[in-house]
Amino acid sequence: MAIESIKMPQLGESVTEGTIEKWLVKPGDHVEKYDSLAEVNTDKVTAEVPSSFTGTIKEILVQEGQTVAVGEIVCTIETEGESSESAQPEAAPAQAEPANEMPAEGSKKPESPVKREKGAAAGRYSPAVLRLSQDHDINLSDVEGSGRDGRITRKDIQAIIDSGEKPQSKPAATESSAQPEVKQAAPATAPAPSTSAQSAVNVPVAPGDIEIPITGVRRAIANNMLKSKHEAPHAWTMIEVDVTEMVKYRDSLKAEFKQKEGFNLTYFAFFVKAVSQALKEFPMMNSMWAGDKIVQKKDINISIAVATDEALYVPVIQQADEKTIKGIGREITELAGKVRSGKLKSQEMQGGTFTVNNTGSFGSVQSMGIINHPQAAILQVESIVKRPVVMDNGMIGVRDMVNLCLSLDHRVLDGLVAGHFLARVKEILENVSSETTSVY
């Protein structure tokens with residue numbers, strides 16, 4: 001027999017951690033290779049973790065609701081092969097691996113009094129725990145960890161934030177070497193998210209009010225939106241586009257296209273195509289902030305927002321600039337169908353470089369989108385409405401008009417490139433017609 005480890009998988013490009021929402025197995029259960037072991041939630045998607053081995057579940061190391069870093073062991077499986085004794089030494093160091101996540105792991109005794117008091121793992125903080133505690137000015141030396149060997153988990157920090165009450169500490173009187181380390185890292189802007197979290201907790205509940213529990217998906221969306229607004233300095237601009245000829249062209253094709261292709265040709269496909277073409281001409285718009293550098297992405301992968309009754313998902317159209325309007329329309333239909341049927345795969349939400357949101361489907365005419373972190377911009381496509389417009393000849397005519405609203409990360413993008421980009425999208429859309437454009 002041999003003991004094999006199952007680790008928290010990386011379910012997305014920028015995903016660094018995951019939360020075990022539900023275990024589908026228990027110790028003693030026999031599993032086949034590729035059987036699902038647990039449901040995991042990240043800020044990108046909820047997915048099932050498959051087994052990499054055939055064998056018997058030996059030990060579950062992470063409890064339901066606990067958040068752990070990518071690569072951390074979540075359970076072990078006993079398989080046929082080498083003896084357990086020969087495999088065990090490999091498993092032990094793996095659990096000590098997160099020690100590398102400490103900002104300063106060099107010294108042993110002076111910087112680790114928490115380890116002696118709360119267990120060997122208590123002084124090792126994952127990046128998520130450090131970031132969350134610093135954002136909310138929480139001293140980790142005052143926190144009791146609920147994780148393995150007293151380790152502090154993200155769930156512990158989130159519970160403190162939700163309660164609105166920080167653990168009691170005495171900065172002036174207590175000489176803890178761990179305390180100054182956390183205090184120095186706390187940014188001056190930390191009170192802002194702390195205040196919002198606190199106000200949510202203090203909402204009075206009157207008779208007849210309905211309390212709705214926060215699901216893992218909703219919590220992930222909230223955290224990602226807060227991260228985007230807290231980190232990225234948002235700027236916003238809007239442009240008005242005359243899409244009268246595009247509407248005529250699409251409406252002339254609609255019935256025949258549906259009969260021939262089996263799905264609807266929507267206006268949204270024209271907008272995504274125009275955006276992907278403009279991104280190719282203005283590649284700076286297809287960039288991301290990476291701390292000490294800006295990464296300009298080669299592939300143009302368009303994220304689209306698809307809502308359900310419970311959450312918002314952002315599947316990705318890969319290499320959108322290489323696809324026809326028909327091809328984009330088919331992908332929009334297929335991805336939206338997978339979201340609503342619960343069949344969307346985690347890899348279908350990865351790799352997005354720019355987001356286009358069809359807010360017009362709800363009747364919106366103007367909105368300010370929150371950037372899909374770590375992308376640099378999001379474009380809101382509003383409702384197409386008929387409005388009186390002064391024509392070039394001075395006459396007033398009724399035209400199909402649409403507002404395009406762009407939110408951008410001002411660390412990456414300036415108004416000049418954003419303005420040129422929007423102007424190019426406008427030009428492309430206003431020149432769509434039966435004479436100049438093919439959907440195939």
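In this predicted model, the buried residues of helix α10 pack against helix α9 and against four strands, β12 (302-304), β13 (306-307), β14 (312-313) and β15 (316-317). The residues of α10 that make up this buried set are Ile325, Ile328, Gly329, Ile332, Leu335, Ala336 and Val339. They cover an arc of only 135° around the axis, and therefore lie on the same side of α10. A general feature of helices helps here: an α-helix has 3.6 residues a turn, so residues three or four places apart point the same way.

The length of α10 can be checked too. The helix runs over residues 325-341, and at 1.5 Å a residue its 17 residues should span 24 Å; the C-alpha atoms at its ends are 24 Å apart, so the two values agree. After α10 comes Gly342, with a positive phi near 75°.

Attention turns next to the nonpolar interior. The largest nonpolar core has 58 residues, and the members that touch the most others are Ile302, Phe354, Leu404, Leu406 and Phe421. Helix α9 (residues 267-281) gives the most to this core, contributing 9 residues. Ile302 offers a good view of the surroundings: leaving aside neighbours within four places in sequence, Ile302 is in contact with Val272, Val275, Ser276, Leu279, Pro315, Val316, Ile317, Ala320, Phe354 and Val356. Apart from the largest core lies another, of 19 residues, including Leu37, Ile60, Val74 and Cys75. As a general background, nonpolar side chains in soluble globular proteins tend to be buried together.

Aromatic rings add a further layer to the picture. The structure holds 4 aromatic pairs. In one of them, the ring centres of Tyr249 and Phe270 are 6.2 Å apart and the planes stand at 75°; this angle is over 60 degrees, so the pair is edge-to-face. The two partners come from distant parts of the chain, 21 residues apart, with Tyr249 in helix α8 (residues 244-261) and Phe270 in helix α9. Are these two residues buried or exposed? Tyr249 has a relative accessible area of 9% and is therefore buried, and Phe270, at 3% relative accessibility, counts as buried as well.

Ring pairs also join Phe257, Phe263 and Tyr440 into a cluster. Another kind of ring arrangement involves a charged residue: Arg250 lies over the face of Tyr267, at 4.3 Å from the ring centre.

Notes
Residues are numbered from 1 along each chain as its sequence is written. This is a predicted model: local features need pLDDT of at least 70, side-chain atom pairs count only at pLDDT 80 or more; totals for chains, interfaces and linings use all residues. Side-chain values use heavy atoms; hydrogens and water are left out. A nonpolar core is a set of buried Ala, Val, Leu, Ile, Met, Phe, Trp, Tyr and Cys residues joined through side-chain atoms within 4.5 Å. Buried means under 20% relative accessible area, exposed over 50%, partly exposed in between (1.4 Å probe, protein chains only). Helices (H or I, at least four residues) and strands (E, at least two) are DSSP runs, numbered from the N terminus. Contact means heavy atoms within 4.5 Å. Rings of Phe, Tyr and Trp (its six-membered ring) pair if their centres lie within 6.5 Å; planes under 30 degrees apart count as stacked, over 60 as edge-to-face and the rest as tilted. A charge sits over a ring if NZ of Lys or CZ of Arg is within 6 Å of the ring centre and within 35 degrees of the ring normal. The expected span of a helix is 1.5 Å times one less than its number of residues. The arc is that of the directions from the helix axis to the C-beta atoms.
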